[in-house]
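Reader: Please take me on a close look at one part of this model, the places where helices meet, with the cut-offs behind each term. I would like one connected account rather than a list.

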Amino acid sequence: MQDSVLVADSAAVSDSLATDIMLSEDLDAEAEEGGFHKQLKTKFIDGNVGFMSLVALALVLGLAFCIERIIYLTLSEIKAHKLMEDIERRLQADDVEGAKTLCRNTRGPVASVCYQGLLHINQPMDVIERSIANYGGLQAANLEKGCSWIKLFIAMAPSLGFLGTVIGMVMAFDQIQQAGDIGPTIVAQGMKVALITTIFGIVVALILQLFYSYILSKIERLTSQMEESAITLLDMITVYKLKK
């Protein structure tokens, strides 16, 4: 009987120790997470709040333009091959209005370019080709809208960081002059504070550059779809005119 009681007590103690270990691990994880945010806040303050705020503003505005472009380009993507097959089917059935309605009800620059070509289907081929080329250029410009701002913030972020670094170095030399000593502690502290802004500026530029490269890849894909669809549409219109 005593042995069973001892076994039960030891099991309870083991469960209690396991629970304490799990709780301590959770507390350590929370402490590390809180420590990271605290360190980030400390570095932000050490790098001079004025210049670090400008770098953070460049990041926020740049990400806003990136997200807007990504959403717009994603909504502009369609299955271009399926659209062209549907247009060809309607043209073969002599249903030009149906093809126009299909393009008008489909989102994206590919459908808009096709609709522009179908609007001039009764005109000579050179007029149709010129109209498609002009409207395609307009759609390509719409795809790239806002990209210049993203490039601006990519260039501004490290520039602001370098500016903060230079001013931080000047402030460090002022501290050395006031102290009347060029001890390693004073120099190291000033250098550390001055270089933090450069680090944050480069990180912001790298983040925005990744988003910008992704946006450019989507623009190139849509532009290629427009060019391919325009050539296919011109061939369809040529065949349609020959039948007429």
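Author: Of the 244 residues in the protein chain, 32% are buried. Buried here means a relative accessible area under 20%, exposed means over 50%, and partly exposed is in between, computed with a 1.4 Å probe on protein chains only. Please keep in mind that this is a predicted model, in which local features need pLDDT of at least 70 and side-chain atom pairs count only at pLDDT 80 or more, while totals for chains, interfaces and linings use all residues. Residues are numbered from 1 along each chain as its sequence is written, and side-chain values use heavy atoms, with hydrogens and water left out.

The protein chain has eight helices and zero strands, and from the N terminus on its elements run α-α-α-α-α-α-α-α. These elements are DSSP runs numbered from the N terminus: helices are H or I with at least four residues, strands E with at least two. Among contacts with a separation of 6 or more, 81% come from residues 24 or more positions apart; a contact means heavy atoms within 4.5 Å.

Let us begin with the aromatic rings, where there are two pairs in the structure. In the stacked pair, Phe65 and Trp149 sit 6.0 Å centre to centre, with 10 degrees between the planes. Phe65 belongs to helix H2 (residues 49-76) and Trp149 to helix H7 (residues 147-179), so this pair ties together parts 84 residues apart in sequence. Phe65 also pairs with Phe153, this time in a tilted arrangement, at 6.1 Å centre to centre and 35 degrees between the planes. Here too the partners lie in H2 and H7, so the Phe65 and Phe153 pair ties together parts that are 88 residues apart in sequence. For both pairs the rule is this: rings of Phe, Tyr and Trp (its six-membered ring) pair if their centres lie within 6.5 Å, and planes under 30 degrees apart count as stacked, over 60 as edge-to-face and the rest as tilted.

Ring pairs thus link Phe65, Trp149 and Phe153 into a cluster. How buried or exposed are the members of this cluster? Phe65 is partly exposed, at a relative accessible area of 28%, and Trp149 is partly exposed at 45%, whereas Phe153 counts as buried at 7%.

Helix H2 also holds Met52, which counts as buried at 1% relative accessibility. The C-alpha atoms of Met52 and Gly161 are separated by 7.8 Å, although these residues are 109 apart along the chain.

Now for a second meeting place, H4 with H5. In the loop between helix H3 (80-92) and H4 you will find Asp94. Its phi is near 60 degrees, a positive value in a residue other than glycine, and Asp94 is partly exposed, with a relative accessible area of 44%.

Helix H4 (residues 96-104) packs against helix H5 (residues 109-119) at an angle of about 150 degrees, with the axes 8 Å apart. That makes H4 roughly antiparallel to H5. Axes are lines fitted to C-alpha atoms, for helices over the stretch in contact, and angles run from 0 to 180 degrees between N-to-C directions. Angles under 35 degrees count as roughly parallel, over 145 as roughly antiparallel, 65 to 115 as roughly perpendicular and the rest as oblique.

The crossing of H4 and H5 is left-handed, meaning that the near helix is turned anticlockwise from the far one by less than a right angle; clockwise would be right-handed. Ala99, Lys100, Cys103 and Arg104 of H4 make the contact with Ala111, Cys114, Tyr115, Leu118 and Leu119 of H5. The residues of this H4 and H5 contact divide into seven nonpolar, no polar and two charged. For that count, Ala, Val, Leu, Ile, Met, Phe, Trp, Tyr, Cys and Pro are nonpolar, Asp, Glu, Lys and Arg charged, and the others, Gly among them, polar.

H5 itself is mostly covered, with eight of its eleven residues buried: Pro109, Val110, Ala111, Val113, Cys114, Gln116, Gly117 and Leu118. Gln116 is touched by Ser131, which also touches His120, leaving aside residues up to four places away in sequence. Ser131 is found in helix H6 (residues 125-143) and counts as buried at 12% relative accessibility. Leu138 is found in H6 as well, but at 46% relative accessibility counts as partly exposed. The C-alpha atoms of Leu138 and Val113 are separated by 9.7 Å, with their positions 25 residues apart along the chain.
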